[in-house]
Amino acid sequence: MNNNSKRNYYLDDIPLEEAIEKYFNALKKYFSKTPDELIDVTKANNRITSKPVFAKVSSPNFNLAAMDGISIDHKNTVGATETSPKTIKIKDFDWIDTGDPINDNHDAVIMIEDISKISNNEIKIFSSVSSMHNVREIGEDLIQSEMIIPENTKINHFDIGVCLAGGIKEIKVKKNINSKFIPTGNELINLGEQSTKGNLIEFNSYVINGLLNNIGVNTETSPIIKDNKELIKNEISNSIKHYDLVIVSAGSSAGSEDYTKEIISELGEVIVHGVSIKPGHPVILGKINDKPVIGLPGYPISAILINELIIKPLIEKKINHKIHNNNQIKAKLTRKLNSSIGEDEFVRASVGKINSEYIAVPLPGGAGVISSIQKANCLIKIPKNIEGFQKNEQINILPLVDINDIDNTIICSGSHDLVLDLLKSFLLKKGLGYKMAINPIGSLGGLLAIDQNLCHFSGTHIFDPQTNQYNLPFINKFVKNNKVKTINLVDRIQGIIIPKTNPKNIKGIEDLNNPELVYVNRQKGSGTRILFDHLLEKSNINSQKINGYDNEKNSHLAVSYTIHSKNADLGLGIMSSAVAYDLEFIPLKEESFDLVIPETVLNEEYMQIILEIIRSSEFKQNIESIGGYNTNKTGEIIL
């Protein structure tokens, strides 16, 4: 049979808002009742109350002393003054400590500092006091039958403390939702299993279940199920009997082995198949026995986005409680973003705050690049009716983290180097809440970002053959709107990276005249690319005749990994990246890798911490241990 005859096709291609409304309307019976349970109050943190909670006892439940001293009937103090003190005998007072219950015949406490002890049985007082002076009254904190926590409130540790003070032992809370995650696919294996070409480690379950655990969902994962319709159908059928929500990973698209839609249709009903969002388009929204069954795309970013946009709102509606923040903030975009009309596109971004303005750096990577969501702290939504956003445009962004984390994100744009990754790690090690977002856009891109206030600092290493200098001529040329300081991060060795044992017998740049060699390049504007083009011109080599000249990577590690993977024969890069993959290296030139820092941020706390790290002996020792670096000038001000 022709595989095309077995392919699925989308039922819908509708806007996200319409898809959610249609799906939720089909789940009215599911949403109609939220079961509750009675649990020990000490285990109720982060749970949501299903009924109001009322104090069973008052706190305190007796009058008690707020100070060390004596308890007394305030009427016995009338007439006492500094000039005419009053003598009180033991029958009319009790010695008392803070927190002690007060004699029922007494209604005031006089501090020990305000009395003069004649003996244990007799004292003098020098002023009169009013009723309840220095007394914590019954019910000062809580009154019996007072409401402690309203209904539909997320419980925290303070709430638990108040409940305990109010005599509450057990509390009624909404039952947590139980979810089952079913990973499917012939290509999937578990971590530790023997891998062959085409295998992928299954990790979507850990990511999605972790996100759901964070909002109070109990999760379980089935064993990986191969692309067998009956096996998948049996697992879904059994799971729907015992779980409130079933999530099927992969099999949601239109391939010949994508069975999820067909199975849900046979066991229940498919409400929506295909939503006009990118990534995440082929999501399946179905129900079986009036319970939601969701078919996730296999690409991790698609799955994560569906979790944020559809699964979380579904859980919120089920428990009738807002559990995540949708507040948007405005940010300035660091580069142009293009998008196709017809779908809402969601782009991952790193956002930081520069001179009281939020700056959004879009991250590269498609729906399968999970590392991009790891680095992101925000999402950018490009609405389906526009073709994108312009550089420097003010746009709405959706935070994925607390706003304080965004405020403490430091954007480093420009050239990439392993030492920047090391600096990022050292900054986190300080434990002060600051973190670096590294935006590898090349040396020239970093200088332009500095000029336009689109980053906190940049890394640069551009050689000027006319002056035989690094960086300063280009800083003077491209940074016009900011006064800056230039500080040496490290000197490093640039050279040709080649495979182990040098099977093609490569000796230098001149070998690129050989059309059979495959080169891997750095992106336009990077210092390495500028140096490479200079070396080509010097050697009289036509770049257009180099096989792979247009194959661009945005980091030295990416260049080395391409060679390590046998997808290229050579590339220009730094020695440390060759060492990282046990490759051979032909040194060509030592260069200065400098940091360019606007004076407006130079004295900020985070920048002073960064400079302190750079100048520390521990940091320099770690750099030296990598290989291919010289730290003699590290931390010195160049200009």
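**Salt bridges, a small sheet and a helix pair**

Glu140 has a relative accessible area of 47%, so this residue is partly exposed. The model in which it appears is a predicted one. Glu140 has a partner: Arg136 forms a salt bridge with it, and the closest N and O atoms lie 2.5 Å apart. Arg136 counts as partly exposed because its relative accessibility is 30%. For both residues the reasoning rests on the cut-offs: under 20% is buried, over 50% is exposed, and partly exposed is in between.

This pair belongs to a longer list, since the structure holds 26 salt bridges. Another of them joins the side chains of Glu316 and Lys322, with an N to O distance of 3.8 Å. Is Glu316 buried or exposed? Its relative accessibility is 9%, so Glu316 counts as buried. Lys322, with a relative accessible area of 53%, is exposed.

A further salt bridge links Lys430 and Glu612, whose closest N and O atoms are 3.2 Å apart. Lys430 sits in the loop between helix H10 and strand S30 (435-440), while Glu612 sits in helix H17 (residues 605-614), so the pair ties together parts that are 182 residues apart in sequence. Lys430 is partly exposed, because its relative accessible area is 37%. Salt bridges can also share partners: Lys229, Lys233, Glu262 and Glu266 are joined in this way into one network.

The next topic is helix packing. Two packed helices are described by the angle between their axes and the distance between the axes. Helix H10 (residues 418-429) and helix H18 (residues 617-626) have axes that come within 11 Å and cross at roughly 145°. The crossing of H10 and H18 is right-handed. Which residues meet here? From H10 come Val419, Leu422, Leu423, Phe426 and Lys429, and from H18 come Glu618, Phe619, Asn622, Ile623 and Ile626. By type, the residues of this contact are seven nonpolar, one polar and two charged.

Strands remain. Strands of a sheet pair through backbone hydrogen bonds, either parallel or antiparallel. One open sheet has three strands in the order S5-S9-S8, and its pairing is antiparallel. Strand S5 (86-89) and strand S8 (115-119) are the edge strands, each pairing on one side only. From one strand to the next, the twist averages 25°. Between S5 and strand S9 (residues 122-125) there are four bridges, in the antiparallel sense. To follow the pairing residue by residue, start at Ile88: its bridge partner in S9 is Ile123.

Methods. Residues are numbered from 1 along each chain as its sequence is written. This is a predicted model: local features need pLDDT of at least 70, side-chain atom pairs count only at pLDDT 80 or more; totals for chains, interfaces and linings use all residues. Side-chain values use heavy atoms; hydrogens and water are left out. Axes are lines fitted to C-alpha atoms, for helices over the stretch in contact, and angles run from 0 to 180 degrees between N-to-C directions. Helices (H or I, at least four residues) and strands (E, at least two) are DSSP runs, numbered from the N terminus. A crossing is left-handed if the near helix is turned anticlockwise from the far one by less than a right angle, and right-handed if clockwise. Contact means heavy atoms within 4.5 Å. Ala, Val, Leu, Ile, Met, Phe, Trp, Tyr, Cys and Pro count as nonpolar, Asp, Glu, Lys and Arg as charged, and the others, Gly among them, as polar. Two strands pair if DSSP finds at least two bridges between them. A salt bridge is a side-chain nitrogen of Lys or Arg within 4 Å of a carboxyl oxygen of Asp or Glu. Buried means under 20% relative accessible area, exposed over 50%, partly exposed in between (1.4 Å probe, protein chains only).
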